[in-house]
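Student: I'd like a close look at one strand of this protein and the company it keeps. Please take me through it in one connected answer.

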Amino acid sequence: MPRDLASQQTQGLVPSPASEEPFVPSTFRAEPATTPALTVPSHVADAVRELVTELPEPLKTAVLAALNTPDGVKITMGNAKGGVMKTTLSVYIALILALTGEPVLLVDADDTNKTCLKWQAAAGEDWPPLVTVVGYTGSAMAKQVTDLMARGFKHLIIDVGPTDKGVLKTAWMLTKRGIVPTQQHVGDVVQLTTTFDLLEEMGERIDLSVMLAKSFPKRSSYTNARDYIQGLIQGESADHPDGLPTVELLEGTIPLLEGIADTWGSIPDDFGYFGSVLAEVLGVPAPVIAEREAAWQHEALGAR
Ligand SMILES: Nc1ncnc2c1ncn2[C@@H]1O[C@H](COP(=O)(O)OP(=O)(O)O)[C@@H](O)[C@H]1O
Ligand SMILES: [Mg+2]
């Protein structure tokens, strides 16, 4: 806060924003949002540096944010509901993370579907060697993943199936951060409470980013879904009367795109919306992502 504003506040000239903030238990208070640096760190090899510099936006911002996340990017894709893009997000984001030149562990914890493993098999030779896919579920998963990470993986993505709540909790413990993709229909958003009930049972700080997936941003149901989710976060619902202080609703969304289903089993060449979502989850404010993309487009037009 600018110093003069602060002094005006102490004099009672400007209302203190603190007085309007909802009560949040201090153990769960969101840490001050740290925006990652968006430059290539000095330790990065020249070949990777060159590659990253040439990336289109918003993909470049996502990769830079990942390179500047000190302990690596660790995210669980989980929601107690199926067909909401968990696997698609897991694979796309793991592939984006490989662009850092650092090794990525992609855990397929959906024992019933094993879709990540099948995707990798279908991609064959095209699958990047930097992304290792393993299938784990059950109680041994925590140890297996911790042991593997200790062997030098930098980034960790866990794709959790819709049915096993124990696996979702284990995955959250391992990553401490999750994306909860949901569709915008009323029937989908009301089911979020099942996922949030699990979060409240954890007694551990887990940061969750809710993302509207396969969305139709122009429909009124999109705005209604956002309002409903914000209400849940702010404690306006009887289901979560204390609110959900470690949950945020992403500005970024991934619309329903017919073409995505066709990229299954291959390495996509367009990461568009996925880059924005990853960058935002890593702490880059949505307006910054949009500005950088606009500047890049402007430059690309000028270069023609
Ligand atoms: N943005 C999208 N638009 C349209 N179809 C999508 C989109 N994202 C994923 N799909 C398709 O929806 C289906 C379910 O996606 P998937 O990622 O497997 O969900 P989950 O893992 O949550 O069950 C798949 O056929 C996938 O190709
Ligand atoms: Mg799946």
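Tutor: Two strands pair if DSSP finds at least two bridges between them. Helices (H or I, at least four residues) and strands (E, at least two) are DSSP runs numbered from the N terminus. The model is predicted: local features need pLDDT of at least 70 and side-chain atom pairs pLDDT 80 or more, while totals for chains, interfaces and linings use all residues. Residues are numbered from 1 along each chain as its sequence is written, with chains lettered from A and ligands numbered from 1 in the order written.

Let's settle on β2, which covers residues 104–109. Six of its six residues are buried (20 or more other C-beta atoms within 10 Å of their own, C-beta atoms being placed from the backbone). That is why β2 is largely enclosed by the rest of the structure. If you follow the side chains along β2, Val104, Leu106 and Asp108 point one way, and Leu105, Val107 and Ala109 point the other way. Both sets are buried, and this includes the acidic Asp108.

Now for the partners of β2. One is β3, residues 131–135, which runs parallel to β2 and is joined to it by five bridges. Within that pairing, Val107 of β2 has Val134 of β3 opposite it. To get from β2 to β3, the chain passes through helix α5, residues 115–123. This β-α-β crossover is right-handed (with the strands pointing away from the viewer, the path from the first strand over the helix to the second runs clockwise).

Another partner is β4, residues 155–160. Six bridges link β4 to β2, and here too the strands run parallel. Leu106 of β2 has Ile157 of β4 as its bridge partner. So that you can find both pairs on your screen: look for Val107 with Val134 in β3, and Leu106 with Ile157 in β4.

How does β2 sit against the wider picture? The chain has 13 helices and eight strands, and 37% of its 304 residues count as buried. For a helix to set beside β2, try α12, residues 272–281. Eight of its 10 residues are buried, so α12 is also largely enclosed by the rest of the structure. Its buried residues run from Phe274, Gly275 and Ser276 through Val277, Leu278 and Ala279 to Glu280 and Val281. Just after α12 comes Gly283, with a positive phi of about 105 degrees.

Notes: A residue is buried if 20 or more other C-beta atoms lie within 10 Å of its own, exposed if 12 or fewer, and partly exposed in between; C-beta atoms are placed from the backbone.
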